[in-house]
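Here is a short walk through one protein model. Keep the sequence and the 3D view side by side as you read.

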Amino acid sequence: MDKVLIRQLAIETVIGIYEWEKKLHQTLLIDLDMAWDNRLAAASDEYEHALCYETVSNRLTALITEKPIELIETVAEMIAQCLQDEFNVPWVKVVVMKPGAVPHAASVGVEIERGRI
């Protein structure tokens with residue numbers, strides 16, 4: 001199975017359950033593994049056959065910043081749903097990390113997989 005990867009996509013957004021969190025922007029770090037058949041893109045060397053990581057990154061940034069969200073679990077599900085619905089990605093692994101959310105931990109996060117390989 002081929003994959004397209006995005007690592008540590010930094011998205012500044014309003015995220016959290018506490019009132020003080022709802023008044024500031026925090027950084028989420030997103031890692032994506034997206035199933036994609038890269039053979040046609042590789043053989044033709046044509047952009048139209050590739051899963052464009054810039055387009056994906058821009059869309060996810062817009063999605064996650066359009067309104068405040070309380071949970072990183074919600075962020076992960078939104079990302080997976082968007083990738084499957086809008087980009088026809090058959091399988092995705094999404095990791096959402098929230099640096100600095102817990103004292104004495106560099107980061108906390110969730111990981112989900114959706115779809116079929």
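## A walk through the model

His 49 sits in the loop that joins α1 (39–44) to α2. The model around this residue is a predicted one. Is His 49 buried, exposed or partly exposed? Its relative accessibility is 23%, so it counts as partly exposed. A residue is called buried only under 20%. Setting aside residues up to four places away in sequence, His 49 touches Trp 36, Leu 40, Ala 41 and Ser 44. Now look back towards the start of the chain. Asp 2 is 47 residues away from His 49 along the chain, and the C-alpha atoms of the two are separated by 13 Å.

Step back to the whole protein. Its secondary structure comes to three helices and four strands. Follow them from the N terminus and the order reads β-β-α-α-α-β-β. The C-alpha atoms fill a box of roughly 50 × 25 × 20 Å along the principal axes. The protein has 117 residues, and 37% of them are buried. About 7,100 Å² is exposed, with 52% of that area supplied by carbon and sulfur atoms. Consider next the contacts with a separation of 6 or more. Of these, 59% come from residues 24 or more positions apart.

How are the four strands arranged in the sheet? They form an open sheet in the order β1-β2-β3-β4, and the pairing is antiparallel. The edges belong to β1 (3–13) and β4 (107–115). Each of these has a single partner strand, so one side of each is left without a neighbour in the sheet. From one strand to the next, the twist averages 15 degrees. In general, the strands of a sheet pair through backbone hydrogen bonds, in a parallel or antiparallel way.

Take one of these pairs. Strand β3 spans residues 91–99 and pairs with β4 in the antiparallel sense, over nine bridges. Here Pro 99 stands opposite Ser 107 in β4.

Two helices pack on this sheet. Helix α2 covers residues 53–65 and touches β1 and β2 (26–35). The direction of α2 makes about 35 degrees with that of β1. Helix α3 covers residues 72–86 and touches β2, β3 and β4. The direction of α3 makes about 30 degrees with that of β4.

Now go into the sheet itself. Asp 33 lies in strand β2. Is Asp 33 buried or exposed? Its relative accessible area is 7%, so Asp 33 is buried. The side chain of Asp 33 makes a polar contact with the side chain of Arg 7, at 2.8 Å. Arg 7 is also on the list of residues that Asp 33 touches, not counting those up to four places away in sequence. The others on that list are Lys 3, Val 4, Leu 5, Trp 91, Val 92 and Lys 93.

Return to helix α2 for two residues. Ile 64 lies in this helix. With a relative accessible area of 0%, Ile 64 is buried. Which residues does it touch, leaving aside neighbours within four places in sequence? Ile 64 is in contact with Ile 11, Thr 13, Leu 28, Ile 69, Val 75, Met 78 and Ile 79. His 104 is 40 residues from Ile 64 along the chain, and their C-alpha atoms are separated by 26 Å.

Thr 65 is placed in helix α2 as well. At 37% relative accessibility, Thr 65 counts as partly exposed. Beyond its neighbours within four places in sequence, Thr 65 is in contact with Ile 11, Glu 12 and Thr 13. The C-alpha atoms of Thr 65 and His 25 are separated by 9.7 Å, with their positions 40 residues apart along the chain.

One stop remains, and it concerns aromatic rings. A search of the whole structure finds one aromatic pair. Why is the pair of Tyr 18 and Trp 20 called stacked? The ring centres are 6.4 Å apart and the planes meet at 5 degrees, so the pair is stacked. The cut-off for stacked planes is under 30 degrees. Tyr 18 is partly exposed, with a relative accessible area of 48%. Trp 20 has a relative accessible area of 53% and is exposed.

How values were computed
Residues are numbered from 1 along each chain as its sequence is written. This is a predicted model: local features need pLDDT of at least 70, side-chain atom pairs count only at pLDDT 80 or more; totals for chains, interfaces and linings use all residues. Side-chain values use heavy atoms; hydrogens and water are left out. Rings of Phe, Tyr and Trp (its six-membered ring) pair if their centres lie within 6.5 Å; planes under 30 degrees apart count as stacked, over 60 as edge-to-face and the rest as tilted. Buried means under 20% relative accessible area, exposed over 50%, partly exposed in between (1.4 Å probe, protein chains only). Two strands pair if DSSP finds at least two bridges between them. Axes are lines fitted to C-alpha atoms, for helices over the stretch in contact, and angles run from 0 to 180 degrees between N-to-C directions. Contact means heavy atoms within 4.5 Å. Accessible areas come from the Shrake-Rupley method with a 1.4 Å probe; for residues, only the protein chains shown count as cover. A polar contact is a pair of N or O atoms within 3.5 Å; within protein, one must be able to donate a hydrogen and the other to accept it, and residues adjacent in sequence count only if both atoms are side-chain atoms.
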